[in-house]
Amino acid sequence: MAEKVEGLAEAYALFAQVPDAAEHELGVEMAIIGREILAAQHADVAKLTGALDAALALQLLIDRLKIRVGLLAKGGRGRRAGQGGPFYGRFVEFGRSAQTVVVTRRIKKRRARGNNKNGNTRRIEYQRASTRLRRRGPNRGTPIGSPYKLRVRVRQAHPFVAQPLLQETADLHLSDYWAKVLALAGDAA
C-alpha cells in the first residue's frame, strides 16, 4: 500500500550536485513530509479498536531518498500475515464485495486429492466431521466441524493510506526546499 513520489529520478540527478549541507536539509524536509503524511493517516483511519491506528508507521531511508508511511511490513520483503498490521487493513482501505465463502476453520483433518493434471480434479476432502448437526442458521443440518457457507456483506472503501492530497503536500514542501537550495547554490557561485 505504498505510493511512489513522482519526479524522483530528476531529484536523484540534482542530488548528486548539491553540497552535504543541502543533503542534510533534504533529510530534514523528508522527515517533516513523512510526519505530516503519518498525522493525516492517523486522522483518517477507522478507530473502532485502535489496532489499525497503532499499526501505522513511518520509515525514513535517507540514503535511498525514500519515505515509507502506512501499514508497513516489518523486516525485508517477506510479508506474512500480522507483519504489516492487522490483516483487515486492506479490506478497510480498498473495500470488499458481497460474496458467499466456504469457511473451514476449526477443521482438524483435511487432505488434498488430485493435482489438476491428467484429468484429475483437485479437491479438498475433510475428515472427522462430528455426527452432531447444526440446529439453526443457514447451514442447518450440516455436521458440526464440516465446512460451511458464510455470507460476507459488502464494505465500502475507506482509504486512509493513499490520499491524493498528500502528494500535493509533499510537492509543496519539496518545491520550497529546491528553491532555497538553488538560491544558496546561486549565491555561492
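Visitor: Which helices each supply at least two residues of the lining of the second largest pocket?

Guide: In this predicted model, those helices are H3 and H4, the latter spanning 89–94. The lining has 13 residues, and Leu48, Leu52, Tyr88, Val92 and Arg155 lie nearest the pocket's centre. About 250 Å³ of space lies in this second largest pocket.

Visitor: Tyr88 is on that list. What makes Tyr88 count as partly exposed?

Guide: Its relative accessibility is 28%. Buried means under 20% and exposed means over 50%, so Tyr88 falls in between and counts as partly exposed.

Visitor: How many aromatic pairs does a search of the whole structure find?

Guide: The search finds two. One joins Phe87 and Tyr88, with ring centres 5.7 Å apart and planes at 85 degrees.

Visitor: Why is the pair of Phe87 and Tyr88 called edge-to-face?

Guide: Two values settle it. The centres lie 5.7 Å apart, and rings pair if their centres lie within 6.5 Å. The planes stand at 85 degrees, and an angle over 60 counts as edge-to-face. The pair therefore earns its label.

Visitor: What makes Phe87 and Phe91 an aromatic pair?

Guide: The same test applies. Their rings are 6.2 Å apart, centre to centre, which is within the 6.5 Å limit. With 85 degrees between the planes, this pair is edge-to-face as well. Phe87, Tyr88 and Phe91 form one aromatic cluster.

Visitor: How do you know that Phe87 is exposed?

Guide: Phe87 has a relative accessible area of 64%, and exposed means over 50%, so the word fits. Phe91, at 34%, is partly exposed.

Visitor: Let's move on to the packing inside. Which residues have the most contacts inside the largest nonpolar core?

Guide: They are Ile37, Val45, Leu52, Leu56, Leu71 and Phe160, in a core of 14 residues. Helix H2 (20–44), helix H3 (51–55), strand E2 (66–71) and helix H5 (164–188) each supply at least two residues of this core. The largest share, three residues, comes from H2. Ile37 touches Val69 and Leu166, leaving aside residues up to four places away in sequence. A second, separate core has seven residues, including Leu26, Met30, Tyr177 and Trp178.

Visitor: Why do nonpolar side chains form such groups?

Guide: In soluble globular proteins, nonpolar side chains tend to be buried together.

Visitor: Glu29 is found in helix H2. What makes Glu29 count as buried?

Guide: The relative accessibility of Glu29 is 8%, and the cut-off for buried is under 20%, so Glu29 counts as buried. Beyond its neighbours within four places in sequence, Glu29 is in contact with His173 and Tyr177.

Visitor: Ile32 is found in helix H2 as well. Is Ile32 close to buried, or how do you know that Ile32 counts as partly exposed?

Guide: Go by the number. Ile32 has 29% relative accessibility, and partly exposed is the range between the 20% and 50% cut-offs, so Ile32 belongs there. Ile32 and His173 are 141 residues apart in sequence, with 8.7 Å between their C-alpha atoms.

Visitor: Where does Arg134 lie, and why does Arg134 count as buried?

Guide: Arg134 lies in the loop between strand E5 (123–127) and strand E6 (148–152). At 18% relative accessibility, Arg134 is under the 20% cut-off and therefore counts as buried. Its contacts, apart from neighbours within four places in sequence, include Asn139, Arg140, Pro143, Ile144 and Tyr148.

Visitor: What is Leu150, in strand E6, in contact with?

Guide: Setting aside neighbours within four places in sequence, Leu150 is in contact with Gln99, Thr100, Val101 and Val103. The C-alpha atoms of Leu150 and Val102 are separated by 6.2 Å, although these residues are 48 apart along the chain. At 39% relative accessibility, Leu150 counts as partly exposed.

Visitor: To finish, how many helices and strands are there in the protein chain?

Guide: There are five helices and six strands, running α-α-α-β-β-α-β-β-β-β-α from the N terminus on. Of the 189 residues, 26% are buried. The chain exposes about 13800 Å², with carbon and sulfur atoms supplying 54% of it.

Methods:
Residues are numbered from 1 along each chain as its sequence is written. This is a predicted model: local features need pLDDT of at least 70, side-chain atom pairs count only at pLDDT 80 or more; totals for chains, interfaces and linings use all residues. Side-chain values use heavy atoms; hydrogens and water are left out. Rings of Phe, Tyr and Trp (its six-membered ring) pair if their centres lie within 6.5 Å; planes under 30 degrees apart count as stacked, over 60 as edge-to-face and the rest as tilted. Buried means under 20% relative accessible area, exposed over 50%, partly exposed in between (1.4 Å probe, protein chains only). Helices (H or I, at least four residues) and strands (E, at least two) are DSSP runs, numbered from the N terminus. Contact means heavy atoms within 4.5 Å. Accessible areas come from the Shrake-Rupley method with a 1.4 Å probe; for residues, only the protein chains shown count as cover. A nonpolar core is a set of buried Ala, Val, Leu, Ile, Met, Phe, Trp, Tyr and Cys residues joined through side-chain atoms within 4.5 Å. On a 1 Å grid over the protein atoms alone, a cavity is a set of points where a 1.4 Å probe fits but cannot get out, and a pocket is an open set with protein on both sides within 12 Å along at least five of seven lines; lining residues have an atom within 4 Å of a point. Grid points are joined across faces, edges and corners, and a volume is the space filled by probe spheres set on the points.
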